[in-house]
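Biologist: Could you take me closely through the sheet of the first chain and the elements packed around it, strand by strand and helix by helix? I would like one connected account, with the packing set out residue by residue where that can be done.

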Amino acid sequence: MTVRRLLATLAAGAALLALVLGTSKPTGTNIDAVALANDIEHQADHVTAEELGEWIRARKKGLRVIDVRSDSEFAEFHVASAERVALTDLAKLKPAADETIVLYSEGGAHAAQGWVLLRALGHQHVYFLRGGVLDWMEDVMNPVLPERTGIAKTDSLIEQRSALSKYFGGVPRTGAVALPEAGSARALITKTKRRGC
Amino acid sequence: MSAPFFTSGSTGDLAAALVIGIGFGACLERSGLGSARKLMGQFNLTDLTVFKVMFTAIITAMLGAFFLSRIGVLDLSKVYVPETWILPQLVGGVVFGIGFAIAGLCPGTSCVAAATGRGDGFAVVFGMFAGVLATGLALPLFESFFRSTPRGGITLPAILGAPDGVVVFGIVVLALAGFAVAERIERRVIPSEARSAKSRNLHV
């Protein structure tokens with residue numbers, strides 16, 4: 001058998017195998033359960049509202065903030081710079097290797113499920129916003145800050161939180177504050193604030 | 001971790017392209033495709049090396065991509081699929097074909113010809129870059145046509161609605177049948193050429 005006949009036979013055999021296999025997609029799952037569990041254990045799976053706020057304010061390179069809530073919820077309010085992607089469309093998201101994805105939902109559960117989905121699809125730099133929009137409202141848009149203490153370090157932290165909140169058009173409060181006018185953006189922020197415990 | 005390992009346009013991506021390009025050029029040269037005479041044999045149906053080499057490259061890459069993806073080494077969803085614009089690419093194909101027939105070299109083989117010191121290779125490479133430059137400068141004049149009939153990154157399995165494996169099988173069968181026919185044509189042509197050469201020698 002000449003070399004060319006041998007190669008032709010090999011190609012034909014490989015083609016037959018491809019026909020039998022049908023799909024080029026890998027079989028089984030790509031989930032590295034141990035790695036995911038480690039990230040969850042070490043809290044490397046999420047960011048806090050303040051951390052996300054700092055990332056957005058610092059224009060972190062490659063940051064994509066994704067809102068997985070409904071269209072109407074997104075239209076009512078969304079985190080600045082966020083884009084809306086339905087959970088069902090998350091699998092179609094093809095982030096570049098240098099992009100950092102932060103998912104958020106109302107309370108965080110859906111976003112956390114989206115985090116598992118994207119990690120299973122092989123995307124590395126994925127986080128979800130802990131506490132979702134509710135935490136964002138409470139910690140960034142409408143934080144209750146302690147009174148100035150006179151201790152430089154503590155006051156500086158209070159000032160930083162206040163500045164971050166104001167950057168996003170929030171209403172940092174110190175102790176009791178008057179309720180905003182009905183129908184205003186501030187009223188919406190206050191309304192969406194976490195209720196109950 | 002699965003391939004591709006580099007993001008588009010990164011240094012690693014360009015380095016990989018350089019290595020693959022050198023390999024491709026070396027294969028073209030070893031196949032004799034740096035010679036315009038050899039390439040013109042394709043148009044005269046006397047030497048079908050171009051068809052055989054190019055189709056071999058296609059099915060080798062296709063089988064490699066299929067099985068590497070299947071075993072999870074290559075993520076095909078991250079492999080760039082060039083976009084299709086039907087009419088501009090049809091016109092481009094005709095222009096390319098005319099240029100190929102006139103020059104006797106195509107872009108890859110012209111680089112190989114130039115690298116091996118052939119004058120016609122240098123001329124075609126110069127012409128190619130001059131054409132690229134001229135097209136780029138004149139683009140505003142025909143930009144609407146250039147961007148017409150867009151179809152995005154379409155693939156044969158998507159058009160045919162068939163599983164990848166079926167398409168792979170079909171193309172390999174087509175290639176092997178094509179190789180058999182090509183060899184037959186070459187066998188039929190070569191003896192007659194040899195005969196005519198012999199008769200020419202007798203007259204000389």
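Modeller: Of the 197 residues of chain A, 24% count as buried in this predicted model. The chain has 8 helices and 7 strands, and, among its contacts between residues at least 6 apart in sequence, 64% join residues at least 24 apart.

The sheet you ask about is open and is formed by 5 strands of chain A in the order S1-S5-S4-S2-S3, with parallel pairing. S1 (46-47) and S3 of chain A stand at its edges, and since each has a single partner strand, one side of each is left without a neighbour in the sheet. Beginning at the S1(A) edge, S1(A) pairs with S5(A) in the parallel sense over 2 bridges, and in this pairing Val47(A) stands opposite Leu129(A) of S5(A). Further along the order, S2(A) and S4(A) run parallel and are joined by 5 bridges; Asp67(A) has Tyr104(A) in S4(A) as its bridge partner. At the other edge, S2(A) is joined by 3 bridges to S3(A), residues 82-84, and these two strands also run parallel, with Ala82(A) in S3(A) serving as the bridge partner of Val65(A).

Two helices can be placed against these strands. H3(A) lies across S1, S2, S4 and S5 of chain A and runs at about 130° to S2(A). H5(A), in turn, lies across S4 and S5 of chain A, running at about 175° to S5(A).

Strands and helices come together in the largest nonpolar core, which has 27 residues, and within which Val102(A), Leu103(A) and Phe128(A) are the residues with the most contacts. At least two residues of this core are supplied by each of the following elements of chain A: helix H3 (49-57), strand S2 (63-67), strand S4 (100-104), helix H5 (109-120), strand S5 (126-129) and helix H6 (132-141). The largest share, 5 residues, comes from H6(A).

Phe128(A) gives a residue-level view of this region. Leaving aside its neighbours within four places in sequence, Phe128(A) is in contact with Val102(A), Leu103(A) and Tyr104(A), with Asp45(A) and His46(A), and with Gly108(A), Ala111(A), Ala112(A), Gly114(A) and Trp115(A). Two of those partners, Val102(A) and Leu103(A), are named together with Phe128(A) as the residues with the most contacts inside the core.

H3(A) also packs against another helix that contributes to the core, H6(A). Their axes come within 8 Å and cross at roughly 70°, and an angle between 65 and 115 degrees counts as roughly perpendicular, so H3(A) and H6(A) are described as roughly perpendicular to each other. On the H3(A) side the residues that meet the partner helix are Ala49(A), Glu50(A) and Gly53(A), while on the H6(A) side they are Asp135(A), Trp136(A), Asp139(A) and Val140(A). By class, the residues of this contact divide into 3 nonpolar, 1 polar and 3 charged, so that H6(A), although it gives the core its largest share of residues, meets H3(A) through a contact that includes charged residues as well as nonpolar ones.

A last residue to consider is Phe74(A), which lies in helix H4 (residues 71-76) of chain A. Phe74(A) has 18 C-beta neighbours inside 10 Å and therefore counts as partly exposed, because the buried class requires 20 or more. Not counting residues up to four places away in sequence, Phe74(A) touches Asp67(A), Arg69(A) and Arg84(A). Of these, Asp67(A) is the residue already described as the bridge partner of Tyr104(A) in S4(A), while residue 84 falls within S3(A), residues 82-84. The C-alpha atoms of Phe74(A) and Ser105(A) are separated by 9.8 Å, with the two residues 31 apart along the chain.

Finally, chain A also meets a second chain: 23 residues of chain B are in contact with 18 residues of chain A. On the chain B side, helix H3 (49-70) and helix H8 (164-203) each supply at least two residues, and H8(B) provides the largest share, 9 residues. By class, that side of chain B has 13 nonpolar, 6 polar and 4 charged residues.

Conventions. Residues numbered from 1 in each chain as written. Chains lettered and ligands numbered in written order. Predicted model: local features only at pLDDT ≥ 70, side-chain atom pairs only at ≥ 80, totals over all residues. Core = buried A, V, L, I, M, F, W, Y, C linked by C-beta atoms within 7 Å. Buried ≥ 20, exposed ≤ 12 C-beta atoms within 10 Å, placed from the backbone. Helix = DSSP H or I, 4+ residues; strand = E, 2+ residues; numbered from the N terminus. Contact = placed C-beta atoms within 7 Å. Nonpolar A, V, L, I, M, F, W, Y, C, P; charged D, E, K, R; others polar. Pairing = 2+ DSSP bridges. Axes fitted to C-alpha atoms, helices over the stretch in contact; angles between N-to-C directions. Parallel < 35°, antiparallel > 145°, perpendicular 65-115°, else oblique.
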